[in-house]
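Hi everyone, thanks for coming. I'd like to spend a couple of minutes on some backbone details, and then on one helix.

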Amino acid sequence: MTESRLGAILTQRFDRLVWTTLAAYAVLVVLAFALVSEIGLRRSLEQSADGIESLLGLYVEPGAAPTTVAPAMLADQLLGMGDRFMITRTVSTGDAVGGPSVYFLSPTMPAKRIETGAEIGSTPDDVRRTLLQSIAERGRWRFHVLHRRAGEFDIYVAGSRGPYLFALLGLSLGALVLLPVAALAARRGANRTVARALTPLGRVVAETQDIGPRDLSRRVGVPTGLAEVTGLADAINMMIDRVESSHQALEAFTADASHELRTPLTHLRAQVQWALAEGRSAEEIAEALAATGREVDRMSRMVEDLLLIARGENRQLAIERQPFDLAQVVREVEEITADMAAGEDITVRAELDGPLQAIGDPARTRQILLNLAANAVRYTKRGSITFTFAREAQMAGVHVTDTGEGIAPELCTRIFDRFYRVESSRSRAHGGGGLGLTIAQLLAKLQDGRIDVTSEPGQGSTFSLWLPAAELEGR
Ligand code: ADP
């Protein structure tokens, strides 16, 4: 599928918009001009008719008593009248033919009677209709005729549309010529603006393409000059941040894992070589094989732990989410801890104040508490290991408190790191691989919980497992 280019789409849309807008504007201007001109023409005819009507008011029958009129007034009337006009008069009596007759009023009075073709004596209405019809035939478009009746007079004023039709033609031609020119200029402007607006986007694309797996520390340059593109660049940079940190974590994990596996492998090789040396007794060889077996056990435990961490971090571990009785899990763990501590100067007890329901996976919770308890046994010479319940907001907690060697405050967060041991040789001597707390914290987080630690060197430590509470009784 060929994809459209943003620049092309924007320019095309803008082009279409400019064309329609300009064309609509031109049509509107021409229409408005025609409308205003027509209204002007009609008003001018009305004015002329007004002038003629008021002059007719001054008309006096020949022989009647004369009235006076000021010359200035006549001049005003004349100037207010810019159109061709004609007056007829309908006289109803004193005619040879009978009924009313229509006369055309000319400067040379008396007036002339108007005849409509062969039918002499037609009614005044016939005369009017015939007159208007003849005018209309001569130029419906070029003229507008106003007809007004003023008593026995009929006023006809004709105005020509010629001047404004001519101007209208000029205006339309101008629009026709200027429209493509304006549209072309607008298109060039739009092209340039769109190209300029898209430059930062192109730069962000190029810079992002330049960032390879080897230079994940590089970032896309911000600000880009365009807020939206800067937003995109920021999002890309944040994504590279995440990729970089997971890449670093993966590298660290690979380095740690290969380092941790190398030591037992060296041991194994040494033991095998020792056993293979000449002159070893059957007992010595059996002892070496037993030691080799223990080392292989430890290695497979470590590999299993690593697999568990990898699956957990990739969210591939099946974790149940159901209400369960924490007390039951704690009692099981207490029993196993007591077995682990058998023969040591350690008292193991659970002081549970009532039932406590949590939401999560009972088997994983058991695994977490066993890890914490095994550490407590491992790092406590004498004293006690106590399990107690705790409640906090929406969380249910189990404290595992020992009276062991404790942990320096600055190390309390590091002990959750992969392969981290406070005293490497001692921990290994106890059988610790440095993954126990990492797994415990991971399993807690997968159940939407967490593990906290408070500790005082030489006094002991309390590791607390917090899980979402199913219900908090007594609250
Ligand atoms: P390990 O297998 O070495 O015990 P963990 O991840 O379980 O690995 O623990 C990391 C380190 O934290 C241990 O090496 C130990 O130094 C310290 N630690 C863990 N639990 C306790 C505890 N209850 N008392 C004192 N130190 C502890």
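**Backbone details and a helix**

Let me begin with a loop. P223 sits in the stretch between α4 (162-210) and α5 (227-276). Before I go further, keep in mind that this is a predicted model.

So what kind of peptide bond joins V222 and P223? It is cis, with omega at about -5°. As background, most peptide bonds are trans, and most residues other than glycine have a negative phi.

That second point brings me to three more places. R315 is not a glycine, yet its phi is positive, near 55°. You'll find R315 in the loop between α6 (282-313) and β6 (322-325). Is R315 buried or exposed? R315 is exposed, because its relative accessible area is 62%, and the cut-off for exposed is over 50%.

Next comes A393, in the loop that links β9 (382-392) to β10 (395-402). Here too phi is positive, at about 40°, although A393 is not a glycine.

The third place is D448, which has a positive phi of about 65°. D448 comes just after α10, and that is the helix I promised you.

How many of the residues of α10 are buried? Helix α10 covers residues 436-446, and 9 of its 11 residues are buried, so the helix is mostly covered. If you want to click through them, the buried ones are L437, T438, I439, A440, Q441, L442, L443, A444 and L446.

That's my tour, and I'm happy to take questions.

Methods:
Residues are numbered from 1 along each chain as its sequence is written. This is a predicted model: local features need pLDDT of at least 70, side-chain atom pairs count only at pLDDT 80 or more; totals for chains, interfaces and linings use all residues. Side-chain values use heavy atoms; hydrogens and water are left out. Buried means under 20% relative accessible area, exposed over 50%, partly exposed in between (1.4 Å probe, protein chains only). Helices (H or I, at least four residues) and strands (E, at least two) are DSSP runs, numbered from the N terminus.
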